[in-house]
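Here is a set of questions and answers to work through with the model open beside you. Each answer gives its reasoning before its result.

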Amino acid sequence: MSPAADDGNAQPAYQVLSFQPHQEAHTRQSGSQQGGEENTSAVASYNTPFPFAQPSAISLANTCLQSKTTTRGISRVSLLHHINQHFHSTPGLETAGGQISFIVSLGINRPYLLDVTLAVAACHLRHMYQANTSPGLGTPDTVAACRVAEHYQQSLAICGFNRALTERFDQEASDSVLISSMMFSLLSFALDNDDDPSQSWVFSKAPDRLAWFSLNQGLAPLLVNTKQFHDQSILRNMFEASDDEEKTFHGDNVKSLSKVPSHWLRLCGLDYTSEDPDQVFYEPVRILTELFHTPVDHQSFFLYMAFFGKLGVEFRALLEDNNEQAMWLLGYWLGLLCRFDHIWWLSARARRDYRAICIWLDKRKVRRRAGEEGLMWRQLMIDLEGATQPPLELVTWHSHSLEQQQIGDPSL
């Protein structure tokens with residue numbers, strides 16, 4: 001839907017789609033209940049997570065001219081306007097197959113879902129202002145207004161979301177909390193225009209430096225608790241895209257480590273006879289091996305993100321303690337995510353934290369260690385530094401490992 005021309009008097013076209021539901025919601029809150037059959041049908045088409053449309057200077061200026069408040073930043077109406085302009089024409093929201101109209105409609109009865117959607121809109125708008133170099137756009141005041149709106153809407157969403165978790169789930173509630181959780185994850189990944197590795201959590205001493213990591217771990221138990229609703233969910237196609245036909249990434253059966261390079265297994269304290277998927281590194285290292293040869297395309301994004309579901313509380317504790325094995329595994333995954341350099345909310349964090357972990361490991365002089373340990377780390381660092389580049393051809397991991405074993409120069 002194209003933005004309407006601004007003649008100074010005409011009401012913006014987005015009000016027809018997005019503003020009237022707010023009026024209806026306000027009427028409901030005032031005690032005037034509306035009848036009618038609830039629309040629970042989901043659109044069948046499915047789009048995977050790729051960038052929002054790039055707003056032009058004119059559309060950014062139009063949004064900037066919308067009302068702003070000092071306490072709440074960009075107004076909700078302006079954020080809905082931004083959604084209507086830019087979240088429809090191309091795949092955008094990394095949930096619900098980009099079905100933003102359905103999400104907004106669902107948010108009428110589940111306000112926390114609408115609140116977090118508006119927070120994502122404010123985050124995207126801030127990102128676009130910061131990236132746009134046109135004169136008069138992206139001023140500090142405008143960026144600050146976006147940032148205020150992002151945090152304000154997110155704070156509203158968190159309050160409602162926490163209440164929703166204490167209530168009984170039905171299909172609508174299940175979809176709402178799952179979509180909201182994914183949007184919270186999106187917001188936790190989106191950086192505030194600072195991709196300097198020195199500013200990464202990797203070098204931070206703050207007690208909450210892994211708050212973003214903890215937030216992303218919250219999705220896994222939600223998926224378990226809502227499993228009975230997945231077959232009829234708007235997210236069904238996403239669930240199906242999170243594994244392949246062989247159930248390589250999930251499933252109840254113990255998966256073999258036969259594809260994992262021997263120096264990766266040594267790092268993790270495993271070997272080819274290991275059969276304990278509860279060992280903290282077992283599933284993460286197995287999944288990373290599978291992802292190395294997984295293509296970067298529309299279907300594979302959720303396979304890459306499945307790795308996070310394999311990281312438990314014990315893994316987080318190891319990161320907190322600066323464990324080298326955990327740091328390398330997470331760093332390798334972040335390097336793989338750098339292949340998706342076209343996803344606006346993902347690429348900056350992946351690039352920053354990946355570089356930070358490479359620097360952190362080098363500062364510990366892992367390549368210069370003596371004997372077999374040094375050889376192992378030199379191979380690992382070569383693998384880590386190559387994680388961002390998809391393989392040019394399909395080669396087996398074992399041949400790759402044999403090639404690396406020829407490298408023994410401790411000065412590397």
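Q: In which loop is Lys-365 found?
A: This is a predicted model. Lys-365 has a phi near 55°, a positive value in a residue other than glycine. Its relative accessibility is 47%, so Lys-365 counts as partly exposed. Lys-365 is found in the loop between α16 and α17.

Q: Which residue has a positive phi of about 60° although it is not a glycine?
A: Most residues other than glycine have a negative phi. The residue asked for lies in the loop between α14 (313-320) and α15. It is partly exposed, with a relative accessible area of 23%. The residue is Asn-322.

Q: How many helices does the chain have?
A: The chain has 412 residues, and buried residues make up 51% of them. Two strands are present. The helix count is 18.

Q: What share of the contacts with a separation of 6 or more comes from residues 24 or more positions apart?
A: The count takes contacts in the chain with a separation of 6 or more. Residues 24 or more positions apart account for a share of 76%.

Q: What percentage of the accessible surface belongs to carbon and sulfur atoms?
A: The accessible surface of the chain comes to about 19600 Å². Carbon and sulfur atoms hold 51%.

Q: Which residues touch the most other members of the largest nonpolar core?
A: This core has 110 residues. Helix α5 (residues 111-131) gives the most to it, with twelve residues. In soluble globular proteins, nonpolar side chains tend to be buried together. The residues that touch the most other members are Trp-328 and Trp-333.

Q: Which residues does Trp-328 touch, not counting residues up to four places away in sequence?
A: Several of its partners are among the buried residues of α17, including Trp-377, Leu-380, Met-381, Asp-383 and Leu-384. The full list is Trp-264, Leu-267, Leu-361, Trp-377, Leu-380, Met-381, Asp-383 and Leu-384.

Q: What distance does α17 reach from its first C-alpha to its last?
A: Helix α17 has 15 residues. At 1.5 Å a residue, 21 Å is expected. The reach is close to that, at 22 Å.

Q: How many of the 19 residues of α7 are buried?
A: Helix α7 (residues 171-189) reaches 27 Å from its first C-alpha to its last, close to the 27 Å expected. The helix is largely enclosed by the rest of the structure. Its buried residues number 18.

Q: Which residue caps the N-terminal end of α7?
A: Look for a side-chain oxygen 3.3 Å from the backbone nitrogen of Glu-172. That oxygen belongs to Asp-170.

Q: Is Asp-115 buried or exposed?
A: Asp-115 has its place in helix α5. It touches Arg-76, Gln-153, Leu-156 and Ala-157, not counting residues up to four places away in sequence. Its relative accessible area is 7%, and the cut-off for buried is under 20%. Asp-115 is therefore buried.

Q: Which residue meets Arg-126 in a salt bridge?
A: The closest approach, N to O, is 3.1 Å. The pair links helix α5 to helix α6 (residues 140-164), 24 residues apart. Both side-chain partners are buried residues. The partner of Arg-126 is Glu-150.

Q: How far apart in sequence are the parts tied together by Arg-364 and Glu-324, and what is the number of residues?
A: The two residues form a salt bridge, with the closest N and O atoms 2.8 Å apart. Arg-364 lies in the loop between α16 (347-363) and α17 (371-385), while Glu-324 is in helix α15 (residues 324-337). Arg-364 is partly exposed at 37%, whereas Glu-324 is buried at 13%. The parts are 40 residues apart.

Q: Which residue forms a salt bridge with Arg-367?
A: The closest N and O atoms are 2.9 Å apart. Arg-367 counts as buried at 11% relative accessibility. Its partner is partly exposed, with a relative accessible area of 34%. That partner is Asp-362.

Q: What is the C-alpha to C-alpha distance between Asp-341 and Thr-388?
A: Asp-341 is found in the loop between α15 and α16. It is exposed, with a relative accessible area of 55%. The two residues are 47 apart in sequence. In space, their C-alpha atoms are separated by 9.8 Å.

Definitions and conventions
Residues numbered from 1 in each chain as written. Predicted model: local features only at pLDDT ≥ 70, side-chain atom pairs only at ≥ 80, totals over all residues. Heavy atoms only, no water. Core = buried A, V, L, I, M, F, W, Y, C linked by side-chain atoms within 4.5 Å. Buried < 20%, exposed > 50% of the residue type's maximum accessible area, 1.4 Å probe, protein only. Helix = DSSP H or I, 4+ residues; strand = E, 2+ residues; numbered from the N terminus. Contact = heavy atoms within 4.5 Å. Areas by Shrake-Rupley, 256 points an atom, 1.4 Å probe, with all protein chains shown as cover. Expected span 1.5 Å × (residues − 1). Polar contact = N/O pair within 3.5 Å; in protein donor to acceptor, adjacent residues only side chain to side chain. Salt bridge = Lys/Arg side-chain N within 4 Å of Asp/Glu carboxyl O.
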